[in-house]
Amino acid sequence: MSVDVTPPMFEEIGGSEAVEEAVRRFYERLLADPQTAEFFDGIDIEVLRQHQVALLTTVLGGPDAYSGRELSQAHAHLSITSDDYARVGAHLIAVLVELGVPEHVITHVNETLTAVAPDIITA
Ligand code: HEM
């Protein structure tokens, strides 16, 4: 009999504290980057941050507490290009690398980014 004792990636990287720090740095980067900053004009970043923490927690196998909109609905009005998307994805991955997140977790996040791209890219 084999038992899978691998902890969820969420715990492996340090739980909610690590996810919150990653998301904090992620929005810091998005707001400092001229290509992405304008998208967030007039947006309540605190609310967005909380949704993103919940979503990333779920993606990493932690408790499922995401209560935001469907990604397609949240981004429909933004005319996001594949170039914008790649830029945002690169910021997220850069933060995870910065925080020393293991390679297999980064691979999983990258796969998720590829999977949800069609919901977000509309231009
Ligand atoms: C990379 C994958 C992405 C994920 C996982 C993601 C995730 C999210 C989430 C969870 C929300 C909150 C939904 C809600 O409040 O109900 C949101 C909203 C938003 N996202 Fe993204 N996002 C991504 C890419 C992008 C990109 C590429 C841009 C712009 C370049 C962007 C700009 C925004 C903006 C402006 C909002 C707020 C929309 C509003 O409240 O009117 N996102 N995103």
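This report walks through the ligand shell and three helix pairs of the structure above. Keep in mind that this is a predicted model.

**Around the ligand**

Let's start with the ligand, which has 22 residues around it. The closest of them are His51, Gly68, Arg69, Ala74 and Val88. Four helices each give two or more residues to this shell: H4 (45-59), H5 (71-75), H6 and H7 (103-120). As for chemistry, the shell divides into 14 nonpolar, six polar and two charged residues.

His51, one of the closest residues, sits in helix H4. It also turns up in the UniProt record: an unreviewed entry there puts the feature "binding site" at His51 and His75. Those two positions span 25 residues in sequence, but their C-alpha atoms are no more than 13.5 Å apart, so they gather at one spot.

**How the helices cross**

Now for the packing. Here are the three helix pairs side by side, with how close their axes come and the rough crossing angle.

| Helix pair | Axes come within | Crossing angle, roughly |
|---|---|---|
| H2 and H6 | 9 Å | 135° |
| H2 and H4 | 9 Å | 130° |
| H6 and H7 | 11 Å | 160° |

**H2 against H6**

Helix H2 covers residues 15-32 and helix H6 covers residues 82-98. With axes crossing at roughly 135°, the two are therefore oblique to each other, and their crossing is right-handed. On the H2 side, the contact is made by Ala22, Arg25, Phe26, Arg29 and Leu30, while H6 brings Val88, His91, Leu92, Val95, Leu96 and Glu98. Sorted by class, that gives seven nonpolar residues, one polar and three charged. Val88 is worth a second look, since it is also among the closest residues to the ligand.

**H2 against H4**

H2 also packs on H4, and here the axes cross at roughly 130°. That makes H2 oblique to H4, again with a right-handed crossing. H2 puts in Ser16, Val19, Glu20, Ala22, Val23, Arg24 and Tyr27, and they meet Ile45, Arg49, Gln52, Val53, Leu56 and Thr57 of H4. This contact has seven nonpolar, three polar and three charged residues. Ala22 of H2 is a shared piece: it takes part in the contact with H4 and in the one with H6.

**H6 against H7**

The axes of H6 and H7 cross at roughly 160°, and the two helices are therefore roughly antiparallel to each other. Their crossing is right-handed. From H6 come Tyr85, Gly89, Leu92, Ile93, Leu96 and Val97, and from H7 come Ile106, Val109, Asn110, Leu113, Ala117 and Ile120. How many charged residues are in this contact? None: the contact has ten nonpolar and two polar residues. Leu92 and Leu96 of H6 do double duty, with a place in the contact with H7 and in the contact with H2.

How values were computed. Residues numbered from 1 in each chain as written. Predicted model: local features only at pLDDT ≥ 70, side-chain atom pairs only at ≥ 80, totals over all residues. Axes fitted to C-alpha atoms, helices over the stretch in contact; angles between N-to-C directions. Parallel < 35°, antiparallel > 145°, perpendicular 65-115°, else oblique. Left-handed = near helix turned anticlockwise from the far one by under 90°. Contact = placed C-beta atoms within 7 Å. Nonpolar A, V, L, I, M, F, W, Y, C, P; charged D, E, K, R; others polar. Near = placed C-beta within 6 Å. UniProt positions renumbered as here; feature names shortened; annotations may be inferred.
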